[in-house]
Amino acid sequence: MNICFYFQVHQPFRLLDYNFFQIGKDHFYENDALNRQILQKIASNCYLKTNALLLELIKKYPSFNFSFSLSGMVLEQFALYQPEVLHSFQQLAKTGQVEFLGETYYHSLASIYSKDEFEFQVKLHEKAIEKYFSQKPTTFRNTELIFDNVIAKIAEELGYNTILTESVDRILKNRSPHQAYAASNTSHIKVLLRDYHLSDDISFRFSDKSWQDYPITVKKYVAKLKKLNPEAETVNLFMDYENFGEHQPESSGIFAFLKNLVSECIDNQGYTFKSPQQISEMLKPKDEYSVEDYISWADTERDLSAWLSNSMQYEALHKIYALRTDVLKTENEDLIKVWSRLQTSDHYYYMCTKYWADGDVHKYFSPYNSPYDAYIFFMNILSDFELLVKKALKGK
Amino acid sequence: MKEKMKVLTLGWEFPPIINGGLGVASYGLSKAFSKYVDISLILPKGDSNFIVNNIETIGLNNIDIENLKISTTISSYTFISDVDFIDANLLPYQTKDIAILSENYTASSSTLIKERLKKDLSIFDTDDLYDGALGERVQSFAKIATILACQKDFDIIHAHDWMTFMAGMEIKAKTGKPLVLHVHSLEVDRNGPESKGWVYQVEKSAMEYADLIVPVSNYTAGAIKTFYGIAENKIVAIHNGIEQVQAYRSESSLPEKIVLFLGRITGQKGPEYFFETASKVIEFMPNVRFVMAGSGNMMKGIIENSAYKHLGNKFHFTGFLSQERVRYLLSIADVYVMPSVSEPFGLSALEAAQFGVPCVISKQSGAAEVLPSALKADFWDVDKMAGNIISILKYKGLRDQLVKDAYHDLSKISWENTAKELYSVFEERFGTN
């Protein structure tokens with residue numbers, strides 16, 4: 001059996017508590033101090049430590065392969081705030097055992113709103129990955145694993161052969177997530193699906209004391225792997241990289257767990273760790289994964305509702321994409337960059353007002369007191385930005 | 001079948017006499033609570049036309065003194081004669097009356113006692129329970145309620161706000177029954193944290209003597225700990241409920257947006273912050289009108305300020321309004337603002353939410369705890385208040401969402417829930433099982 005790790009690495013450029021009275025006066029929108037502070041904290045808790053651990057495992061096990069997806073936003077923050085983190089990722093890239101995936105540079109929701117913008121951002125991200133890691137991505141993962149048949153088609157047109165997304169029960173309908181699927185609507189795209197049970201055991205539930213399997217040990221976890229259908233070809237463990245040392249603190253034993261899990265699987269169980277591209281090359285799709293309505297890996301609904309379920313989110317997203325033509329018309333690179341960063345999905349995630357248990361996750365990640373504050377600050381910023389765009393167009 | 005708990009409730013305001021939140025809350029809670037317990041309610045003034053099912057209501061204005069059995073145990077009072085009053089600024093009344101009040105009803109002659117009682121009772125013959133003689137009234141209430149209580153069978157004393165606390169203490173001293181204080185408002189809310197006068201002393205000694213204190217919010221629970229030094233394990237906050245209303249929207253005859261302030265125009269309610277906020281908003285959005293509905297000692301100053309700043313045409317004062325007029329205002333308002341400096345609950349914010357008006361409220365309020373959908377700022381943070389108002393008026397997506405989410409918040413709030421919670425606390429602390 002194969003195990004396929006993909007770790008998502010992303011940090012947004014969080015915005016300032018920008019009040020109404022700043023509109024027309026202050027044109028810098030990002031909370032630079034907060035972004036620096038958070039990045040450095042996560043670098044020391046997670047990125048540097050986990051990279052070192054993975055490098056150690058790579059050196060010990062030449063057959064240990066896995067994958068990363070780094071957003072353009074986190075790459076820019078490494079360069080700005082702590083370049084040594086970028087170097088440690090580059091060291092991993094040099095081993096040849098790590099695959100870097102393609103995504104939208106701005107970690108945006110462009111795939112839902114604008115095909116042109118989406119294609120532009122995917123290509124921009126490819127360039128960054130080639131520049132930093134000397135790889136051309138061939139496996140694609142859209143923001144938060146958002147997926148449908150149209151996105152699969154566009155990814156194919158852009159030259160990708162594999163896409164990662166969520167295993168959603170309403171689409172799988174009792175079929176196994178442990179095999180490769182063909183994306184309908186495409187001629188050769190293979191789809192690999194996240195095993196959300198086994199992935200969330202390591203991420204969401206790892207420190208959950210009310211969970212029946214707490215504390216999860218390597219032994220218990222391997223027992224779960226062994227219980228899978230013998231025909232399972234691949235177990236895809238997709239999760240946020242920040243899980244290691246940040247969401248689950250070092251004291252939870254998460255590092256030892258990761259290290260011992262890899263050792264146990266390779267040394268005693270005969271499992272192999274492969275990258276998504278290696279899995280894709282190896283497996284023949286047995287069936288189609290056809291998705292008409294968007295899916296994602298977010299919240300219990302696994303749809304777009306984390307970013308697009310209330311009128312604030314609709315208005316904010318609609319307004320930002322409605323500006324596209326005008327912003328591009330300015331041909332002002334600074335303005336285009338500011339506008340692009342405002343597309344980062346996190347800004348809309350903070351505006352989510354869903355009340356159930358998942359709401360807590362939103363709160364954990366949000367720098368604001370409430371979704372209403374998130375919206376108000378964002379809209380104030382957008383108002384100022386609109387003035388800048390108007391001014392720039394007048395001057396042309 | 002298990003017998004129902006018997007609760008002796010001491011109230012002050014009760015319909016048809018409603019001055020503020022206390023009357024509304026006492027009524028809403030008692031009505032819902034009567035499903036769980038048997039309630040005998042003693043009030044300074046009862047209205048025989050106003051009967052609530054399942055509640056035995058005794059108004060001191062209606063008691064039959066001639067047939068009142070006066071127990072010989074009433075020989076002296078533990079608390080009433082002890083109290084070192086008066087705060088002359090707060091309750092200006094003459095000292096010679098107080099000398100009479102301080103006397104105890106001695107059991108020497110039942111006729112004499114009855115004469116005294118009549119005299120004490122006469123001060124409840126008023127339309128304003130809060131006028132100059134408030135201190136006397138509070139003490140007479142304590143004396144007479146104690147006499148009445150000694151003839152009744154009950155398990156728990158439940159006293160609403162400081163006016164009834166002395167009665168509660170006296171009854172506990174006489175009967176040994178547990179005393180529960182329901183706190184709707186504190187002297188430190190009304191007059192600031194420096195208030196250490198007679199009312200504060202009554203509150204503090206009652207809290208120390210009580211078995212349980214039930215404030216209407218965590219915010220007020222915090223004040224009881226901080227300003228009265230009461231131990232946390234004696235305090236259980238239970239949020240107020242709200243009556244369902246037939247809310248409606250009306251077409252405003254004005255083209256401008258309307259921002260509404262509702263409540264007494266006194267320091268506690270932060271009217272000067274409302275004024276400052278309004279000035280700030282008008283600077284950026286001239287098409288907004290601000291309405292202050294209510295009256296109070298700070299009204300004159302605010303009117304003068306608005307004239308001075310040439311905002312008279314944007315700033316409107318309605319004076320005290322009937323419930324009907326208040327509801328009409330809510331039905332045309334675009335934003336409701338409650339900038340209270342210290343607000344134990346803030347029922348009016350919930351009423352605004354019922355009428356589909358987005359709320360901007362101070363963090364120093366109990367309402368902030370039950371309305372996650374209200375936009376919040378510190379009462380002094382005028383910029384943030386103004387920014388919130390402007391955002392609601394300007395961004396439709398926000399307005400729509402706030403109104404929708406407020407209905408969701410309201411769906412969790414009812415007197416039924418409050419009564420249920422109160423009952424489970426009573427059971428846990430004083431139940432026989």
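This is a short dialogue on how to read a few features of a predicted model.

Reader: Where should I start with chain B?

Author: Start with how the chain is divided. Chain B has domain 1, covering 5-241 + 416-430, and domain 2, covering 257-410. The C-alpha centres of these two domains of chain B lie 33 Å apart.

Reader: How many residues does each domain of chain B give to the contact between them?

Author: Domain 1 of chain B gives 15 residues and domain 2 of chain B gives 10 residues. On the domain 1 side, the elements with two or more residues in this contact are α1 (21-33), α6 (187-191) and α8 (218-228) of chain B. The most come from α8(B), with three residues. By class, that side of domain 1 has five nonpolar, eight polar and two charged residues.

Reader: Now I would like to look at the sheet. In what order do the strands of the open sheet in chain B run?

Author: Six strands of chain B line up as β9-β8-β7-β10-β11-β12, with parallel pairing. At the edges are β9 (315-319) and β12 (375-377) of chain B, each of which pairs on one side only. On average, neighbouring strands of this sheet are turned by 20 degrees against each other, direction ignored.

Reader: Can you show me one pair up close?

Author: Take β8 (residues 288-293) of chain B, which pairs with β9(B) in the parallel sense over four bridges. Look for Phe290(B): its bridge partner in β9(B) is Phe315(B).

Reader: What about the two chains: which elements of chain A give two or more residues to the side that touches chain B?

Author: In general, the size of an interface is often given as the accessible area lost when the parts come together. Here we can count residues instead: the contact takes 15 residues from chain A and 15 residues from chain B. On the chain A side, α12 (311-322) and α17 (371-394) of chain A give two or more residues. The most come from α12(A), with five residues. That side of chain A has 10 nonpolar, four polar and one charged residues.

Reader: And which residues have the most contacts inside the largest nonpolar core?

Author: The general idea is that in soluble globular proteins, nonpolar side chains tend to be buried together. In this model the largest nonpolar core has 231 residues, and those with the most contacts inside it are Leu181(B), Ala349(B), Cys359(B) and Ile389(B). The element that gives the most to this core is α17(A), with 10 residues. To see one neighbourhood, find Cys359(B): leaving out residues up to four places away in sequence, Cys359(B) touches Tyr336(B), Met338(B), Ala349(B), Ala352(B), Ala353(B), Leu371(B) and Ala374(B).

Definitions and conventions: Residues are numbered from 1 along each chain as its sequence is written. Chains are lettered from A and ligands numbered from 1 in the order in which they are written. This is a predicted model: local features need pLDDT of at least 70, side-chain atom pairs count only at pLDDT 80 or more; totals for chains, interfaces and linings use all residues. Two strands pair if DSSP finds at least two bridges between them. Axes are lines fitted to C-alpha atoms, for helices over the stretch in contact, and angles run from 0 to 180 degrees between N-to-C directions. Two residues are in contact if their C-beta atoms, placed from the backbone, lie within 7 Å. Ala, Val, Leu, Ile, Met, Phe, Trp, Tyr, Cys and Pro count as nonpolar, Asp, Glu, Lys and Arg as charged, and the others, Gly among them, as polar. Domain bounds come from an automatic or database domain assignment. A nonpolar core is a set of buried Ala, Val, Leu, Ile, Met, Phe, Trp, Tyr and Cys residues joined through C-beta atoms within 7 Å. A residue is buried if 20 or more other C-beta atoms lie within 10 Å of its own, exposed if 12 or fewer, and partly exposed in between; C-beta atoms are placed from the backbone.
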